[in-house]
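Please open the structure in your viewer and keep the selection panel at hand. The tour below goes from stop to stop, saying at each one what to select and what is there.

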There are 2 protein chains.
Amino acid sequence: MSRDLDIRVGIIEDDETIREGYAYLIGQTDGYKVVGTYPSFEEAAKKLVHDDPDVILLDVELPGISGIDAMPKIKKLLPETHILILTVYEQELLIFRALGNGAAGYLTKNTPPEKIISAIHEVMEGGGPMSAHIARMVIGSFQRNEQSPLTRRETEILEQIATAKSRKRIAQELFIDLETVKSHIKNIYHKLNVHSKADAIKTAKDNKFI
Amino acid sequence: MSRDLDIRVGIIEDDETIREGYAYLIGQTDGYKVVGTYPSFEEAAKKLVHDDPDVILLDVELPGISGIDAMPKIKKLLPETHILILTVYEQELLIFRALGNGAAGYLTKNTPPEKIISAIHEVMEGGGPMSAHIARMVIGSFQRNEQSPLTRRETEILEQIATAKSRKRIAQELFIDLETVKSHIKNIYHKLNVHSKADAIKTAKDNKFI
DNA sequence: AAAAAATAACTTCATTAGGGTGAGATAAAT
DNA sequence: ATTTATCTCACCCTAATGAAGTTATTTTTT
């Protein structure tokens, strides 16, 4: 039975078996209602506004426009809709691009049915459901490399450089002499084996020194 | 009954009632073993290496050294130990500092007992358990402001500037003329009402334009 | 077709960046 | 107590970059 209060779910997934599997799972769950299933973004685009889902389950590999690239377009059509990524991919780059494009959650396809249901509920409540492994990767992205060769001060100065502040300004804000800043920078360059701000920042970011 | 395979849990929490509550909850759960409870980091430091927990439940507000500041010190004593933050605080700054300092998870204190147990298990399995609201904030930190006044190209160039690349180098890497880069930068400055790279980056970051 | 965005050319002037070398002061570790 | 690491500052040098102004053409999007 479908009440007005049901959470309206849309599913964009090219594999018919998976798509219909999800649709059945969600459709027979009390409190949830599948308002549309679509094999591609192009197909979904035609009906999404009419179907008006609260939550969209989105696959990342789709024929035509990829799920990730589709996200901004979906947001444009339905700004209030929450997008929940459901995929087999666990590559960092894909995950961060998806989250950056507005995903409210990111689940892998081995997620058990009851977790998918609770994840849909969770995004409606303002949560951000993620598979365990994904969550750890996301948390890991905040963490620094403890093996950094840079001292605390050097790290601090490199961070300032990464905001494109001039040496003079850095000196002023840290209450030290311009010459001191220059010394630190020279030491940073030597340690990282680089010869410019840009290269220092790249090396430091790649190695999570900053 | 405590077997050798039990997950060894330590608890650093100043409120005795809460501390003992968690200890009881975890101690009577099969597969888990409380190896130590401590009212402060200072107390914990004396016994942690001996007690050798696999997972530490850590409060952020502690007498003396705060939980967040204690994290790097704990990591030094026990590099393999997973730290799970358990707190009432949900401020963005605290959360990001905690995650940046090496937390494997972040739970709020209204987390139901069974979730705490499963979270401990999850960190042991390489997961990153977070309360729903926390997870959404973390995800939100990856997202951009869609109301950015900057065009795609301008955003791209400002991102390059944020890596401290020179205009010349940006021009080369984007296969456009130096003059074009300069034009874009001028437009960026006008739109953001700033007069330097550093200010542009600050404004853009504050508003999540980049 | 109109609007928005990306591209480029010219000027002028001030500031910054990178590299070399040395050295004193201070805090941390053992 | 004494190394050691870190932070601090000084003086040298040259070349490149950054900022602001105005105007204009081409391409893309709506």
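Which of the 20 residues around DNA strand C come nearest? Bearing in mind that this is a predicted model, select DNA strand C and then His195(A), Thr151(B), Arg153(B), Ile176(B) and Asp177(B), which are the residues that come nearest among the 20 around that strand. Widen the selection to helix 8 (167-174) and helix 9 of chain A, together with helix 7 (152-161) and helix 9 of chain B, since these are the elements that give two or more residues to the surface near DNA strand C. Coloured by class, that surface shows 2 nonpolar, 8 polar and 10 charged residues.

Next, select DNA strand D, around which there are 20 residues, with Thr151(A), Arg153(A), Ile176(A), Ser183(A) and His195(B) coming nearest. Here the elements that give two or more residues to the surface are helix 7 (152-161) and helix 9 (178-192) of chain A, along with helix 8 (167-174) and helix 9 (178-192) of chain B. The surface near DNA strand D is made up of 2 nonpolar, 8 polar and 10 charged residues.

Now turn to the two protein chains, where 31 residues of chain A are in contact with 31 residues of chain B. On the side of chain A that touches chain B, select helix 4 (92-100), helix 6 and helix 10 (197-206), the elements of chain A that give two or more residues to it; the largest share, 6 residues, comes from helix 6 of chain A. The residues of this side divide into 15 nonpolar, 8 polar and 8 charged.

With both chains still selected, superpose them: a turn of 180° and a shift of 0.2 Å along the axis lay chain A on chain B with an RMSD of 0.2 Å. The two copies are therefore related as by a two-fold rotation axis, and the same surface serves both, as 100% of the contact residues of chain A recur in chain B.

For the last stop, select helix 5 (residues 113-124) of chain B, which has 12 residues and reaches 17 Å from its first C-alpha to its last, close to the 16 Å expected at 1.5 Å a residue. Its buried residues are Ile116(B), Ala119(B), Ile120(B), Glu122(B) and Val123(B), and because they cover an arc of only 160° around the axis, they lie on the same side of helix 5 of chain B. These buried residues pack against helix 6 (132-140) of chain A and against several strands of chain B, including strand 1 (7-12) and strand 4 (82-87). Finally, select Gly126(B), which follows helix 5 of chain B and has a positive phi, near 90°.

Key
Residues are numbered from 1 along each chain as its sequence is written. Chains are lettered from A and ligands numbered from 1 in the order in which they are written. This is a predicted model: local features need pLDDT of at least 70, side-chain atom pairs count only at pLDDT 80 or more; totals for chains, interfaces and linings use all residues. A residue is near a molecule or strand if its C-beta atom, placed from the backbone, lies within 6 Å of it. Helices (H or I, at least four residues) and strands (E, at least two) are DSSP runs, numbered from the N terminus. Ala, Val, Leu, Ile, Met, Phe, Trp, Tyr, Cys and Pro count as nonpolar, Asp, Glu, Lys and Arg as charged, and the others, Gly among them, as polar. The expected span of a helix is 1.5 Å times one less than its number of residues. A residue is buried if 20 or more other C-beta atoms lie within 10 Å of its own, exposed if 12 or fewer, and partly exposed in between; C-beta atoms are placed from the backbone. The arc is that of the directions from the helix axis to the C-beta atoms. Two residues are in contact if their C-beta atoms, placed from the backbone, lie within 7 Å. Copies are superposed by least squares on the C-alpha atoms of residues with pLDDT of at least 70 in both.
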